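Colleague: I have the sequence and the model open. Walk me through the fold, one question at a time.

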Amino acid sequence: MVISAYVAVVSGGNRGIGREVCRQLADLGHTVILTARSESAAKEAAGQTQAQTRLLHHQLDVTDPVSVITLRDDMLAQFGRVDILINNAAVYLDKTARSPLRDLDPSILEATMKANLIGPLRLIQAFLPGMLDRGYGRIVNVSSDMGRMTELNPAGAYYRLSKLALNGLTRMVAADTASNNVLVNAVSPGWVRTEMGGSAATRSIEEGASGIVWAATLPDGGPSGLLFRDGKELGW
Ligand SMILES: NC(=O)c1ccc[n+]([C@@H]2O[C@H](COP(=O)([O-])OP(=O)(O)OC[C@H]3O[C@@H](n4cnc5c(N)ncnc54)[C@H](OP(=O)(O)O)[C@@H]3O)[C@@H](O)[C@H]2O)c1
């Protein structure tokens, strides 16, 4: 299938890593739809981001099923397809660095799962069928080292559990799509200087975003169902 530029949707594109992913994908010549839960934030970020091609914008709250379906319908009406899905949006609701497991609040875990696991699932359900029909798709679930099996401990437990589950979702979806040229991977950006990562983080936003863009633009026959950082495989 030869298409010079793909249509890419990025969740949580108004700031941080998501916004930089939008810029890098647009610089590669792709049509990028920068989404944010606030319509005005999406418009402002798209307008302010300098890229080779125009960035489009759309409202998307990943926890709102109506918002996801509206995005899907508008994308299909406007472009007839979405080729690349970046599940970037996420929340980190852990308030203390380390809480004993007995003190975990299930309602905070629920809110975290809603954004970090069920949101990506809804978006995959919205766009995967079209990708499978067309025989082309790239899905990147932005994960974290904190969700790796080898890194499980109670520090940041809500977030950790959500990324562990997102890694599991990545493997399950990938197992279903391998023969259709739809590559589904998880990417850890490392510790990045954003609102979530904080100013002490070791990596720039550009560095964090580039490994996500790498997975979003894998050639046909590329890897699927794996966890990467900077294009290198990490164990689960
Ligand atoms: N920074 C790090 O060190 C680090 C490390 C490992 C993994 N990650 C992962 O990298 C990704 C990006 O993180 P970041 O550091 O750029 O975080 P960030 O600066 O906190 O940005 C998070 C983005 O997600 C959006 N978002 C949150 N809930 C949403 C919802 N319900 N619907 C739509 N958008 C929503 C936010 O929108 P609002 O502006 O509306 O809040 C914001 O655009 C996340 O998946 C994160 O888990 C980050």
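Modeller: Gladly. This is a predicted model. Four bridges join strand β1 (residues 7-10) to β2, and the two strands run parallel.

Colleague: Which residue in β2 does V10 stand opposite?

Modeller: β1 and β2 are parallel partners, joined by four bridges. Across from V10, in β2, stands L34.

Colleague: What handedness does the unit of β1, helix α1 and β2 have?

Modeller: Helix α1 covers residues 16-27. With β1 and β2 it makes a β-α-β unit. That unit is right-handed.

Colleague: Which residue in β3 does V32 stand opposite?

Modeller: β2 also pairs with strand β3 (residues 55-59). That pairing is parallel and runs over five bridges. Opposite V32, in β3, is L55.

Colleague: How many of the six residues of strand β2 are buried?

Modeller: Take the faces in turn. On one side, T31, I33 and T35 are buried. On the other, V32, L34 and A36 are buried too. The strand, residues 31-36, is therefore largely enclosed by the rest of the structure, with the buried count at six of six.

Colleague: Which strands stand at the edges of the sheet?

Modeller: The sheet is open, has eight strands and shows mixed pairing. Its order is β3-β2-β1-β4-β5-β6-β7-β8. Each edge strand has a single partner, so one side of each is left without a neighbour in the sheet; these are β3 and β8 (232-234).

Colleague: By how much are neighbouring strands of this sheet turned against each other on average?

Modeller: Ignore strand direction here. The average turn between neighbouring strands of this sheet is then 30°.

Colleague: What is the bridge partner of A186 in β7?

Modeller: Strand β6 (residues 182-187) pairs with strand β7 (residues 227-229). The sense is parallel, over two bridges. For A186, the bridge partner in β7 is L227.

Colleague: At about what angle does helix α4 run to β4?

Modeller: Helix α4 spans residues 106-134. It lies across β4 (84-87), β5 (137-142) and β6. Its angle to β4 is about 170°.

Colleague: Now the ligand. Which element gives the largest share of the shell around it?

Modeller: The ligand is surrounded by 30 residues. The closest are G12, G16, A90, T194 and G197. The largest share from one element is three residues, and they come from α1.

Colleague: How many residues in the shell around the ligand are charged?

Modeller: Sort the shell by class. Nonpolar residues number 14 and polar ones 12. The charged residues in the shell number four.

Technical notes:
Residues are numbered from 1 along each chain as its sequence is written. This is a predicted model: local features need pLDDT of at least 70, side-chain atom pairs count only at pLDDT 80 or more; totals for chains, interfaces and linings use all residues. A residue is buried if 20 or more other C-beta atoms lie within 10 Å of its own, exposed if 12 or fewer, and partly exposed in between; C-beta atoms are placed from the backbone. Two strands pair if DSSP finds at least two bridges between them. A crossover is right-handed if, with the strands pointing away from the viewer, the path from the first strand over the helix to the second runs clockwise. A residue is near a molecule or strand if its C-beta atom, placed from the backbone, lies within 6 Å of it. Ala, Val, Leu, Ile, Met, Phe, Trp, Tyr, Cys and Pro count as nonpolar, Asp, Glu, Lys and Arg as charged, and the others, Gly among them, as polar. Axes are lines fitted to C-alpha atoms, for helices over the stretch in contact, and angles run from 0 to 180 degrees between N-to-C directions. Two residues are in contact if their C-beta atoms, placed from the backbone, lie within 7 Å.
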